[in-house]
Amino acid sequence: MADLTTDFLGIKSPNPFWLASAPPTDKEYNVRRAFEAGWGGVVWKTLGSEGPPVVNVNGPRYGAIYGADRRLLGLNNIELITDRPLEVNLEEITRVKADYPDRAMIVSIMVPCEEQAWKDILPRVAATGADGIELNFGCPHGMSERGMGAAVGQVPEYIEMVTRWCKQYYDKPVIVKLTPNITDVRKPAAAAMRGGADAVSLINTINSITSVNLDTMSPEPSIDGKGSHGGYCGPAVKPIAMSMVSEIARHPDTHGLPISGIGGITTWRDAAEFISLGCGNVQVCTAAMTYGFKIVEEMKSGLSQWMDEKGYTSVEEVVGRAVPNVTDWQYLNLNYVAKAKINQDDCIKCGRCYAACEDTSHQAIAMSEDRTFTVIDEECVACNLCVDVCPVEDCITMEAMEPGEVDPRTGKVVEKEYANWTTHPNNPGAVAAE
Amino acid sequence: MSSPMTPGIAVARLPADALAENFTDLHAPFAPHEAAVAADRCYFCHDAPCVTACPTDIDIPLFIRQISTGTAEAAAKTIFDQNILGGMCARVCPTEDLCEQACVRELAEGKPVEIGRLQRFATDTLMAKQRHPYDRAPETGKKVAVVGAGPAGLACAHRLAMYGHDVTIYDAEAKAGGLNEFGIAAYKSTDDFAAREVDWLLGIGGITIKTGMGLGKELKMDDLVGCFPAVFLGVGLGGVNALHSDGEDKNGVDDAVDFIKELRQASDLTTFPVGRDVVVIGGGMTAVDAAVQSKLLGAQNVTIAYRRGRDAMSASRYEQDLAASKGVRLMFNAQPVAIHGNGAVREIELEYTSDDGNGLKGTGETIRLAADQVFKAIGQTLTTDGGLVLEGRKIAVTGAGRTSRDGVWAGGDCASGGDDLTVTAVAEGRDAAMDIHATLMGSN
């Protein structure tokens, strides 16, 4: 069994699976259940300032989109930060941390962009014995209208400023949670780094409207006939999150900044992918909200099995392994030539590859009278669409051509040497290869 | 009250509630959630094999996608465009031999998309709205006679009425529907569905049904051709083949089709008689329907005796397994040679058979089975040919049901070509209607 213990910013947890700051971590009862179920840590649902707590809507908070069989692919929510009194949350955090000293306990905070507000709350959080804090600069709905959450996360100078206050008034790790509702995630990440952040976590949720009720013409979730954009999460956002994570992981300015990965992590495989892109651990929310806390068992067993199979003995060894392979398009090897290949034994003759290729791609699949589908190498550009639409995994594969072979599509010999766009003759800005 | 053990032919072998339970829908209709789950399994194949396998060419992937997007009424329209009796076909089609056999998920997993039940979900949804979904074209003033109010005739009449023609359907029975009404196991068409479907279909308008009018009896071919510029024959196969065995005339030896027909029309199953030891001779759907229903009525022992091997049986493996699951014994390579009994049948004597490649032969070895009721289900025959040229034992047709006589078309079981299936009859009736329309309007 691979060792899943992680040390993230000096915070130890028995596994890299933390619950993200969200409804599942809003109170002691839930968090105790999570720890009993085996989660490695939690980020407590965001605390606000002392005083009357925020209020939530009294109607639906969530909207969803589905895949086949009503499998939840994306969830959006309009819930705000905790609507329970600060003191109650702090007492609960203290009790739970005392009872589960081996689990990571991070407290998410969102107070106004005033130094005093942070100066007031940080000592009280420190007193709980929590292992660190996460600054909620990402919440895209409600709080952002009040100058907090994503409204801060969208202004790098604010991020830097608040982060610096936190480092000044709090002596444990400070994680800055980033919003994806920006153009270039590297800017806020760099700002957090300048402010002294120990790590960033991303992504927070994405501005979204999941559906419109066509009877009432109200966006969902609908509150008395009106809807507001919510924060989108769940499996559908994973690709967006991974791209943002990878940008931070590979950019020279932010490379090496610890990252806690968030965004649609549903299985061990998702977690391993985030970790390979540079995350020291991962945070999960929607999967738990969809299936309950028990899913962590599959995440732990799956990650452990895969690590054993690959010979990795610690999570640390996996962190960032894929980062060197994330590059810019211009550096992709244009001399790499592949062709689709359909395994006739696995083919169930649905013809989806044919429809996709014939209607929307390169007319590179032939269909015979008896529904045998074959790739026309002379036409195939290896776009992968057939692979993507095939219902049978690995029935269609992309086979690389060997150097020296002639690509029947171009009539050119496949070159052994790597060559990219920067030196390509069609590129007006090409530089001569040395 | 009697029991399954009561000797002879008896009523009320089972209590009323057991009978009611036995004769409910063979496949319960899908609830909306079940339909959504089942519809999600469809891959929306290109040039889908299921469509190719459907005699009426229903665009199955399209209608399933319409169900999955919450528009079951549009799905039904997709079905009815090709097959106006899509409701009945959803219930009685041997989908295991047609669309569902061709489904790529049958190939992939041995579990096809449940096309038949999805079709029923769609058609039931639309029909429950009690709205006929088609409008008639302006009246053409052309009159067409349709003989036989079964699937072929109804499909033909509906399509003709839709084109604006004035259709008169003649049927020998007192009630329209043909085999849908009289020839299908009761558990496949519950709640008087066949009759309700006919009423719904007639909602198109322009169709008059005249019952008690049989061809060769009340109706003469020459009169029809004289009165109507186009005549469609969908008269089915009204006769039943004989066993040609000694003792065939004994009491208790009946035609399976009569048993099935009377059972369908019975208003009270507790007064419907069945034997204790029932033997059904034959290997088709009629044999299975008779055998299974005998068992469901409470017969103690029911045997289907078929003269050839399992593979040659025209009832599908699914139907064979259904019969077996209800407790029917399937006996292969056994042909009847004599029926014994003093007035009423007591035993049937069967001879084993073998086929060494040179035709089926009796082995000389016989076996006797106790039998107080024997059903003959060895095929039906054409009873009236209207003076038309035959091909084999059916009315010869070419193209879209054209017979040897100008102005006369035929389709369904009475016509040559195609399987004797409801869905095939619908396709033939529909296609003949289109050819009739083209002919009447002078575009042929």
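How many bridges join strand β5 of chain B to β19(B), and do the two run parallel or antiparallel? I began my notebook with this question, keeping in mind throughout that the model is a predicted one.

**Entry 1: the strand pair.** I looked up strand β5 of chain B, which covers residues 230-233, and found that 3 bridges join it to β19(B), with the two strands running parallel. To fix the pairing in my mind I looked for a facing pair of residues, and I noted that V231(B) stands opposite V408(B), the latter lying in β19(B).

**Entry 2: the sheet around that pair.** I then followed the pairing outward and wrote down an open sheet of 5 strands in chain B, in the order β4-β3-β2-β5-β19, with parallel pairing. The edge strands are β4 (207-211) and β19 (408-410) of chain B, since I see that each pairs on one side only. From one strand to the next, I recorded a twist that averages 20 degrees.

**Entry 3: a helix across the sheet.** Next I asked which strands of chain B helix α17 lies across. I found that α17(B), residues 422-440, lies across β2 (143-147), β5 and β19 of chain B, and that the helix runs at about 170 degrees to β5(B).

**Entry 4: two helices that cross.** I turned to helix α4 (residues 60-68) and helix α9 (residues 115-127), both of chain B, whose axes come within 10 Å and cross at roughly 60 degrees. Because of that angle, I put α4(B) down as oblique to α9(B). The crossing in which α4(B) passes α9(B) is left-handed. For the residues that meet, I listed I60(B), F63(B), I64(B) and I67(B) from α4(B), and I115(B), L118(B), F121(B) and A122(B) from α9(B). Sorting this contact by class, I have 8 nonpolar residues, with no polar and no charged ones.

**Entry 5: where the chains touch.** How many residues does each chain give to the contact? I noted 12 residues from chain A and 10 residues from chain B. On the side of chain A that touches chain B, I divided the residues into 7 nonpolar, 1 polar and 4 charged.

**Entry 6: chain B as a whole.** Finally I stepped back and wrote down 17 helices and 19 strands for the secondary structure of chain B. Its radius of gyration is 22 Å, close to the 22 Å that the globule rule gives for 444 residues, so I describe chain B as being as compact as a globular protein of that length. Taken along the principal axes, the C-alpha atoms of chain B fill a box of roughly 65 × 55 × 50 Å.

Definitions and conventions:
Residues numbered from 1 in each chain as written. Chains lettered and ligands numbered in written order. Predicted model: local features only at pLDDT ≥ 70, side-chain atom pairs only at ≥ 80, totals over all residues. Axes fitted to C-alpha atoms, helices over the stretch in contact; angles between N-to-C directions. Helix = DSSP H or I, 4+ residues; strand = E, 2+ residues; numbered from the N terminus. Parallel < 35°, antiparallel > 145°, perpendicular 65-115°, else oblique. Left-handed = near helix turned anticlockwise from the far one by under 90°. Contact = placed C-beta atoms within 7 Å. Nonpolar A, V, L, I, M, F, W, Y, C, P; charged D, E, K, R; others polar. Pairing = 2+ DSSP bridges. Rg over C-alpha atoms; globule rule 2.2 N^0.38 Å.
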